Amino acid sequence: MKRGYPDSPSNSSGSVPPKSRLKYTPEGDQHFSEDFVQRVADHYSARTNQTLEEREASPIIHLKKLNNWIKSVLVQLYARRGDAVLDLACGKGGDLIKWDKAKIGYYVGIDIAEGSIEDCRTRYNGDADHHQRRKKFTFPARLICGDCYEVRLDKVLADDAPFDICSCQFALHYSWSTEARARRALANVSALLRPGGTFIGTMPDANVIVKKLRQAEGMAFGNTVYWIRFDDEFSEKKFKSSSPFGIKYKFHLEDAVDCPEWIVPFNVFKALAEEYDLELVFVKNSHEFVHEYLKKPEYIDLMRRLGALGDGNQDQSTLSPDEWEVAYLYLAFVLRKRGQPDRTQVNSKRDKGKMHISKEDIMYVQ
Ligand SMILES: C[S@@+](CC[C@H](N)C(=O)[O-])C[C@H]1O[C@@H](n2cnc3c(N)ncnc32)[C@H](O)[C@@H]1O
């Protein structure tokens with residue numbers, strides 16, 4: 001059976017987005033915002049680790065591989081041997097191997113979802129048998145459970161900073177529910193990065209999403225693997241530039257996401273980032289990113305190995321058109337912290353990192 005997106009809000013299936021009875025999020029409406037933050041955390045916490053077989057059977061397996069390729073390219077472009085890395089919204093640690101290949105020197109991962117942090121811990125330790133870990137990771141690490149768009153991470157990580165790289169993959173849009181949270185996200189990144197340090201990330205491309213909304217007949221659109229639905233409060237399909245926060249929609253991606261998300265108008269993101277001394281290096285929609293970096297032999301080879309487009313030999317399986325459409329919903333960005341790198345500064349305070357992380361080592365912050 002083909003899975004489509006809902007066109008009727010009266011559909012009562014569990015995966016159909018509920019019609020919100022709540023009004024537009026006023027800035028500072030703490031409880032309203034907290035409710036959605038909790039919903040996002042619960043959603044990701046409940047997603048258990050998949051076996052290799054389950055993963056390969058996923059209807060979006062090639063999209064997952066493509067996204068891994070995009071993240072790997074970003075890591076290879078910017079990570080240097082010995083770098084200290086801050087992974088905001090690290091999830092289950094899906095990028096640990098990428099950082100290991102880049103031979104980083106220290107890793108701190110933070111996520112709001114307790115279940116994901118626990119999965120990340122077992123993955124880092126190499127304990128979970130469904131992760132094909134053969135050897136230990138070569139860098140010490142720390143894991144923190146908390147809301148990185150609410151907590152003052154500069155205080156929590158005062159002894160670990162500065163970081164050379166901050167990464168926030170497929171997660172920054174969860175900060176855009178209020179201006180205060182968006183600012184906290186950028187303030188945290190800016191405070192923890194060294195001058196000249198790099199902020200890499202991926203997030204939904206607001207231009208594409210709004211364009212698709214305007215092309216849709218109703219308030220929902222999608223294909224066999226995803227749907228997006230906006231509440232009727234946005235029925236004019238116009239978004240005031242004076243209210244760029246709290247533009248919520250419900251996102252469903254088969255076998256991956258089913259929770260509220262927020263539009264991040266990129267021009268506002270860029271301007272706000274500048275206020276925090278973070279300058280744009282580049283932004284590219286995922287389609288453009290793929291076209292550009294697939295011209296380079298080393299990344300063609302990486303794509304072959306990851307298998308998003310088949311392996312070029314026996315494996316003819318490739319991304320479906322519907323998965324490719326989902327890729328178009330995202331962009332990749334790189335920002336750089338203003339200032340000159342201090343080459344004399346050596347970070348010697350990384351003794352908080354462990355080569356084996358026990359449950360007690362996980363720090364919970366509020
Ligand atoms: C789509 S997943 C991406 C995970 C990981 N970055 C990756 O690329 O595999 C989004 C992640 O953002 C996390 N997240 C959402 N809101 C957060 C918040 N306020 N603070 C920390 N993590 C958050 C979720 O728990 C989830 O793990």
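**Close-up views of a predicted model**

Within the protein chain, 78% of the contacts with a separation of 6 or more are between residues 24 or more positions apart. The model is predicted. It holds 12 helices and 12 strands in the protein chain. Of the 366 residues, 40% are buried.

**View 1. The open sheet of 8 strands.** The strand order is S10-S11-S5-S4-S1-S2-S3-S12, and the pairing is mixed. Strand S10 (278-285) and strand S12 (363-364) are the edge strands, each of them pairing on one side only. At the S12 edge, strand S3 (residues 141-145) and S12 are joined by 2 bridges in the parallel sense. Cysteine 145 has tyrosine 364 of S12 opposite.

**View 2. Helices lying across the sheet of 8 strands.** Helix H7 (residues 179-192) lies across strand S1 (84-88), strand S4 (163-169), strand S5 (193-204), S10 and strand S11 (330-337). The angle between H7 and S5 is about 145 degrees. Helix H10 (residues 286-293) lies across S10 and S11. H10 runs at about 85 degrees to S10. S10 and S11 are thus named for both helices, H7 and H10.

**View 3. Strand S2 and its pairing with S1.** Strand S2 (residues 106-111) is mostly covered, with 6 of its 6 residues buried. In a regular strand, side chains alternate between the two faces of the sheet. In S2, Tyr106, Val108 and Ile110 point one way, while Tyr107, Gly109 and Asp111 point the other way. Residues of both sets are buried. S1 and S2 pair in the parallel sense, over 5 bridges. Aspartate 87 has glycine 109 in S2 as its bridge partner. Asp111, one of the buried residues of S2, is also among the positions that UniProt lists as "binding site" in an unreviewed entry.

**View 4. The shell around the ligand.** The ligand is surrounded by 19 residues, of which Tyr44, Ala89, Gly91, Gln169 and Ala171 are the closest. Helix H1 (residues 30-46) supplies 4 residues, the largest share of this shell. By class, the shell has 13 nonpolar, 4 polar and 2 charged residues. The unreviewed UniProt entry gives "binding site" at Lys71, Ala89, Asp111, Asp147, Gln169 and Tyr174. Ala89 and Gln169 are among the closest residues to the ligand, and both positions carry the UniProt feature.

**View 5. Lysine 71 and glutamine 169.** Both residues are included in the "binding site" feature of the unreviewed UniProt entry. Lysine 71 is placed in helix H3 (residues 61-78), whereas glutamine 169 belongs to strand S4. Lysine 71 counts as buried because it has 20 C-beta neighbours inside 10 Å. Glutamine 169 has 24 C-beta neighbours inside 10 Å and therefore counts as buried. Leaving out residues up to four places away in sequence, lysine 71 touches Asp95, Lys98, Gln169 and Thr202. With the same exclusion, glutamine 169 touches Lys71, Asp95, Gly201 and Thr202. Asp95 and Thr202 appear in the contacts of lysine 71 and in those of glutamine 169.

**View 6. Asparagines 67 and 68 in helix H3.** A UniProt "binding site" annotation, from an unreviewed entry, covers Asn67 and Asn68. Asparagine 67 is located in helix H3, and asparagine 68 also lies in helix H3. Asparagine 67 has 23 C-beta neighbours inside 10 Å, so it counts as buried. Asparagine 68 has 19 other C-beta atoms within 10 Å and is therefore partly exposed. The cut-off for buried is 20 or more such atoms.

**View 7. The open sheet of 4 strands.** The strands follow the order S6-S7-S8-S9, with antiparallel pairing. Strand S6 (220-222) and strand S9 (257-262) are at the edges; each has a single partner strand, so one side of each is left without a neighbour in the sheet. From one strand to the next, the twist averages 20 degrees. Strand S8 (residues 248-253) runs antiparallel to S9 and is joined to S9 by 6 bridges. Tyrosine 249 stands opposite glutamate 261, which is in S9.

Definitions and conventions:
Residues numbered from 1 in each chain as written. Predicted model: local features only at pLDDT ≥ 70, side-chain atom pairs only at ≥ 80, totals over all residues. Pairing = 2+ DSSP bridges. Contact = placed C-beta atoms within 7 Å. Axes fitted to C-alpha atoms, helices over the stretch in contact; angles between N-to-C directions. Near = placed C-beta within 6 Å. Nonpolar A, V, L, I, M, F, W, Y, C, P; charged D, E, K, R; others polar. UniProt positions renumbered as here; feature names shortened; annotations may be inferred. Buried ≥ 20, exposed ≤ 12 C-beta atoms within 10 Å, placed from the backbone.
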